[in-house]
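Reader: Got a model to go through. Can you walk me through some packing?

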Amino acid sequence: MTVRLFHSPASPFVRKVLVVAMERGVEDRIEPLPSAAGPVKRDQTIVVHNPSGKVPSAILEDGTPLFDSRVICLYVDSLPGGGASLYPQDTRRFTVLTLEALADSILDAALLCRYERVMRPAELQWDDWYNGQMEKIDSGLNDLENRWIDAISGDFHAGAVAVACALGYLDFRFADKDWRSGNPRLASWFEATSRRPSMIKTMPAG
Ligand SMILES: N[C@@H](CCC(=O)N[C@@H](CS)C(=O)NCC(=O)O)C(=O)O
């Protein structure tokens, strides 16, 4: 069964799906579809399947739409593959899902900052709003450093994948942001994690 995936090489949410697929050994089941998602002008080819027009959105062989990234990651993980599942079935399952939600919340705030600076006309930009989103990112990073570091330091589960993709996006789009000096354990975890083939093959571009 092939999963058609509306794709963007710069999207950290798409990257989550691709990393899960590679770690699970099912990347050959993903067929990337070009897309032009944007918050102001939605890509109508995506909207047909997902009214938000966001990527990632997926279509199964029978036409069933799947979104968002958390649902698609779970689906991809459920395909029969060579690697172990990235979602534990024991009590750690909800830790992994919460970690994924935390990483996604960092990404949501980062995307909003990016759109604010790149898409919104300069005269309409609102610094307090931007700074409020940046504070969400900083609090999330701080929580990862101080509360969750042990939970991401073992298996490369779906929560750890999401954290790695969030940190990769900060480096990609906010290269001047020094998140490492206040979060040394997270920085060293990310340095090691970035050497995984799945992370190297999915480095963002664009
Ligand atoms: N909650 C969604 C977020 C996806 C998302 O924000 N994707 C961005 C690209 S990285 C997008 O499509 N933006 C266009 C828009 O906001 O309409 C998920 O986890 O898939």
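Author: Here is a short look at some helices and a loop residue. This is a predicted model: local features need pLDDT of at least 70, side-chain atom pairs count only at pLDDT 80 or more, and totals for chains, interfaces and linings use all residues. Residues are numbered from 1 along each chain as its sequence is written.

Reader: Which residues of helix 3 are buried?

Author: In helix 3 (residues 69–78), they are Ser69, Ile72, Cys73, Val76 and Asp77. Buried means 20 or more other C-beta atoms within 10 Å of the residue's own, exposed 12 or fewer, partly exposed in between, with C-beta atoms placed from the backbone. Helices are DSSP runs of H or I, at least four residues, and strands are E runs of at least two, numbered from the N terminus.

Reader: What covers the buried residues of helix 3?

Author: The cover includes strand 1 (3–6), helix 1 (12–24), strand 3 (57–59), strand 4 (65–66) and helix 6 (158–173). Contact means C-beta atoms, placed from the backbone, within 7 Å.

Reader: Next, helix 1 and helix 6. Which residues meet?

Author: Pro12, Arg15, Lys16, Val19 and Val20 of helix 1 meet residues of helix 6, including Val161, Cys165 and Tyr169. By class, that contact has 9 nonpolar, 1 polar and 2 charged residues. Nonpolar covers Ala, Val, Leu, Ile, Met, Phe, Trp, Tyr, Cys and Pro; charged covers Asp, Glu, Lys and Arg; the others, Gly among them, are polar.

Reader: Switching to Ser85. Where is Ser85 found?

Author: Ser85 sits in the loop between helix 3 and helix 4 (92–118). Ser85 is partly exposed, because 16 other C-beta atoms lie within 10 Å. The C-alpha atoms of Ser85 and Gly25 are separated by 10.0 Å, and the two are 60 residues apart along the chain.

Methods:
Two residues are in contact if their C-beta atoms, placed from the backbone, lie within 7 Å.
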